[in-house]
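Please open the structure in your viewer and keep the selection panel at hand. The tour below goes from one selection to the next and says what is to be found at each stop.

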Amino acid sequence: MMRIPFAAMLGLFFTGVYFFMAIFAGWIAPYGMAEVVGDSWEPWSWAHPLGTDSIGRDLLSRMIWGGQTTIFVATMGTILSFTLGSVLGFIAAVRGGWIDQLLSRLVDLMMSIPSLISALVVLSVMPVTLPILIIVMGVLDATRVFRLSRAVAVDITVMDYVEAARLRGEKQLWIIFREILPNALSPLIAEMGLRFIFMVLFISTLSFLGLGVQPPMADWGGIVKENKDAIVYGVPAALVPAFAIASLAISVNLVADWVLNRTTSLKGGRG
Amino acid sequence: MSDVLLEVKDLKIEATAYPPGEPPQDITIVEGVSFAVDKGKVLGLIGESGAGKSTIGLSAMAYGRGGVRITGGEVMVNGRDILQIGSAGLRGLRGKEVTYVAQSAAAAFNPAKKLMEQVIEATLHHKLMTKEEAEARAISLFDQLGLPKPETIGNRYPHQVSGGQLQRVMTAMALCPKPDLVIFDEPTTALDVTTQIDVLAAIKKAIRDTGVSALYITHDLAVVAQIADDIMVLQSGQMVEYGTTDHIINSPTEEYTQALVSVRSVKHVEQTSGAPVLSVNGITARYKGTKFDVLKDVTVDLPEGQTLAIVGESGSGKSTLARVITGLLPPSDGEILFDGRTLAPDFEKRTRDDLREIQMIYQMADTAMNPRQTIGTIIGRPLEFYFGLRGAEKRKRVQELLDDIEMGEGFIDRYPAELSGGQKQRVCIARALAAKPRMIICDEVTSALDPLVAAGILKLLLNLQKRENVAYLFITHDLATVRAIADSIAVMYQGRVVRYGNKTEVLSPPFDDYTDLLLSSVPEMELGWLERTIANRKMEAAGN
């Protein structure tokens with residue numbers, strides 16, 4: 001029986017709670033997402049445990065629905081960026097030559113523009129819907145994943161066992177998925193935790209700037225934006241989503257750290 | 001005062017292991033080791049990897065590498081116990097009374113500083129001489145060690161001298177502060193055999209001239225026999241046998257020592273050549289983007305079911321030849337014939353059956369197996385890939401192969417990291433055999449292994465050859481291995497085959513110059529070999 005360290009346990013617990021609330025938001029949230037139930041910025045009470053927001057919607061319900069959007073967009077974005085980035089990175093490493101050059105220089109080009117700026121430019125001319133958001137964020141973030149997975153895979157492709165597989169006549173795909181991927185997994189998993197957090201921050205930033213999730217849909221960045229004026233009046237409504245973002249970030253990182261520790265000590269695999 | 005310089009009594013060395021998922025535990029690395037070195041004498045410490053020989057050697061300067069702790073016993077240097085003198089005392093000892101020569105000189109030098117600066121650094125630090133005196137002494141040591149241009153070589157940077165020269169410069173560095181004791185930790189292991197003999201002779205002469213005592217650590221009994229007065233044989237941190245060199249080499253009493261002495265006893269009766277399974281015809285090859293031919297007009301034949309040994313030092317092109325044959329490096333000229341038909345130069349253009357017929361075993365078994373696959377997967381994959389075996393049938397065949405390599409039950413679900421070095425190499429052999437090839441390229445397959453383990457692998461390869469009638473292209477720099485298993489030999493030097501023929505033919509005079517140099521450089525397990533060889537060479541040089 002493996003022992004889970006306390007920090008990882010804590011991370012697992014909070015990550016679990018957030019994901020649970022996101023998945024079952026429809027059952028858990030006491031009110032609808034855009035339902036106006038009271039005055040603006042009501043204080044915390046039994047009816048509204050976190051008070052109400054700028055136009056009198058229940059903040060707890062908004063948080064839960066918003067968490068669903070934020071976590072959904074971040075998760076899909078991470079999955080997209082990992083699939084795209086790691087597959088292209090591995091292909092670049094395995095094939096080398098002009099394919100590697102083309103992909104790597106393209107990624108350099110994309111990385112030379114700050115990703116927030118490229119996202120803002122693209123989103124200002126495209127209709128801002130969830131799929132578009134996910135694609136824009138996923139593609140922009142895939143450049144980082146590409147860099148990492150290519151660097152890791154380049155180290156692995158020169159190993160004798162990869163050469164042995166090539167000499168056996170194995171196909172590219174077998175080499176990528178059976179020889180390279182299992183050995184590249186631990187740095188990639190650590191990166192995945194980190195990337196997920198950046199995704200949460202990214203979508204929150206976009207929403208805060210008004211180019212992310214569009215009202216009346218809720219998401220944490222958007223809730224901060226809607227309630228930022230409340231801080232002037234001493235109402236903590238904007239701090240609640242900020243706290244949620246921070247605690248989710250820390251929890252996921254604690255889990256990612258633990259997974260990294262476990263996979264690197266697994267049967268003498270590479271570090 | 002007696003003339004005992006170093007006396008170690010009942011040494012005990014421990015380290016802490018951190019097994020995953022369990023609390024840390026102390027493990028004993030060395031226990032109950034005692035020895036003494038007189039002034040001007042050399043003690044050889046010999047054993048396989050993990051025997052604790054380097055750890056014991058470093059204890060003579062009270063140093064434990066990588067968390068290793070000396071927890072018991074006494075280490076007396078010049079009559080005082082250095083385990084009790086504290087860190088200030090040790091600073092005065094290290095680099096002054098006791099110095100150290102590391103295995104890999106290339107890694108031990110600072111590439112950004114000139115050699116002279118590094119050679120005299122410890123001497124100046126301890127304020128033993130003025131800078132001018134130290135430099136003068138370094139130059140005289142360079143001269144003693146037979147380095148070219150002793151006056152100016154100190155002005156060079158480490159990358160501007162060869163590996164053998166660098167090792168001699170490091171010896172000069174160790175001898176410069178006029179120490180009482182020098183620890184030589186495998187100083188010639190990383191060198192080519194033709195370079196090793198020069199360095200060995202230089203070290204021996206320097207030891208004799210300066211009257212210093214030395215601990216000489218190595219895994220090669222033939223090397224230590226040339227240089228040591230006494231030898232201590234170690235196995236897993238315990239002393240096995242301790243005596244004079246003459247006693248250890250000529251009349252060892254312990255079984256383990258006897259095995260070490262007779263380790264090169266694998267014998268193979270040479271076969272006369274038959275029809276070639278592989279013919280290499282006039283191959284010339286260069287690496288992409290370079291203008292230098294690594295292989296020049298190489299032509300050799302590998303007869304069916306026999307062994308062709310490719311011998312040469314590093315950089316002679318022997319591994320490149322393997323890359324050309326496997327198709328990893330298409331040649332710029334010449335062709336490879338397999339079974340009479342021409343093979344495609346690029347392996348990607350070869351048929352699956354062509355690929356199956358030529359298998360490869362690598363030098364480093366560690367990197368030749370995917371650490372995330374079980375032994376069953378590693379050996380099973382060629383079975384599945386070439387013969388379509390699956391499920392229980394595949395597992396049964398894998399077990400048969402494991403039996404063939406003398407590993408038996410219980411390994412099939414293990415990971416490579418759970419095997420010893422020799423076992424890993426055996427699994428690689430099984431993976432090659434699984435494809436039922438007609439020939440296997442063995443690239444330095446025993447170089448990374450301890451002598452006893454290597455002998456076991458060679459015996460296994462010979463047995464399998466008899467049974468499966470598979471041909472080996474055996475690439476090695478070790479002539480003892482060649483003597484043991486080859487039917488025919490090709491000697492390579494700077495990309496050319498300088499000598500090629502049956503084993504007896506190649507290994508009998510008259511020799512060409514290079515083969516003569518190569519053959520005479522292999523240390524023999526007898527006393528006085530080094531002096532005899534050097535004397536012979538001097539006579540020949542005088543004769544010319």
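## Where two domains meet

In this predicted model, start with the boundary inside chain B, where 8 residues of domain 1 of chain B are in contact with 6 residues of domain 2 of chain B. On the side of domain 1 of chain B that touches domain 2 of chain B, the elements that give two or more residues are helix H8 (193–210) and helix H11 (255–261) of chain B, and by class that side has 3 nonpolar, 3 polar and 2 charged residues. To colour the two parts separately, select 4–261 of chain B for domain 1 and 276–508 of chain B for domain 2, as the domain assignment gives them. The centres of these two domains of chain B, taken over C-alpha atoms, are 36 Å apart.

## An antiparallel sheet in chain B

Next, select the open sheet of 4 strands in chain B, whose order is S12-S11-S14-S15 and whose pairing is antiparallel. Its edge strands are S12 (293–303) and S15 (341–342) of chain B, each of which pairs on one side only. Strand S11 (residues 276–286) of chain B runs antiparallel to S12(B) and is joined to it by 7 bridges; to look at one bridge pair, show B:Ile283 together with its partner in S12(B), B:Val298. Then add helix H12 (residues 318–326) of chain B, which lies across S11, S12 and strand S14 (333–338) of chain B and runs at about 70 degrees to S12(B).

## A mixed sheet in chain B

Staying in chain B, display the open sheet of 6 strands in the order S16-S17-S18-S13-S19-S20, in which the pairing is mixed. Strand S16 (358–361) and strand S20 (496–502) of chain B are the edge strands, and the twist from one strand to the next averages 15 degrees. Within this sheet, pick strand S17 (residues 439–443) and strand S18 (residues 471–476) of chain B, which run parallel and are joined by 5 bridges; B:Ile441 has B:Leu473 in S18(B) as its bridge partner.

## A helix pair in chain A

Finally, move to chain A and select helix H3 (residues 59–95) with helix H9 (residues 220–227), which pack with their axes 8 Å apart and at an angle of about 135 degrees, so H3(A) is oblique to H9(A). Show the side chains where A:Arg62, A:Met63, A:Gly66, A:Gly67 and A:Thr70 of H3(A) meet A:Trp220, A:Gly222 and A:Ile223 of H9(A); the residues of this contact divide into 3 nonpolar, 4 polar and 1 charged.

Technical notes: Residues are numbered from 1 along each chain as its sequence is written. Chains are lettered from A and ligands numbered from 1 in the order in which they are written. This is a predicted model: local features need pLDDT of at least 70, side-chain atom pairs count only at pLDDT 80 or more; totals for chains, interfaces and linings use all residues. Axes are lines fitted to C-alpha atoms, for helices over the stretch in contact, and angles run from 0 to 180 degrees between N-to-C directions. Angles under 35 degrees count as roughly parallel, over 145 as roughly antiparallel, 65 to 115 as roughly perpendicular and the rest as oblique. Two residues are in contact if their C-beta atoms, placed from the backbone, lie within 7 Å. Ala, Val, Leu, Ile, Met, Phe, Trp, Tyr, Cys and Pro count as nonpolar, Asp, Glu, Lys and Arg as charged, and the others, Gly among them, as polar. Domain bounds come from an automatic or database domain assignment. Two strands pair if DSSP finds at least two bridges between them.
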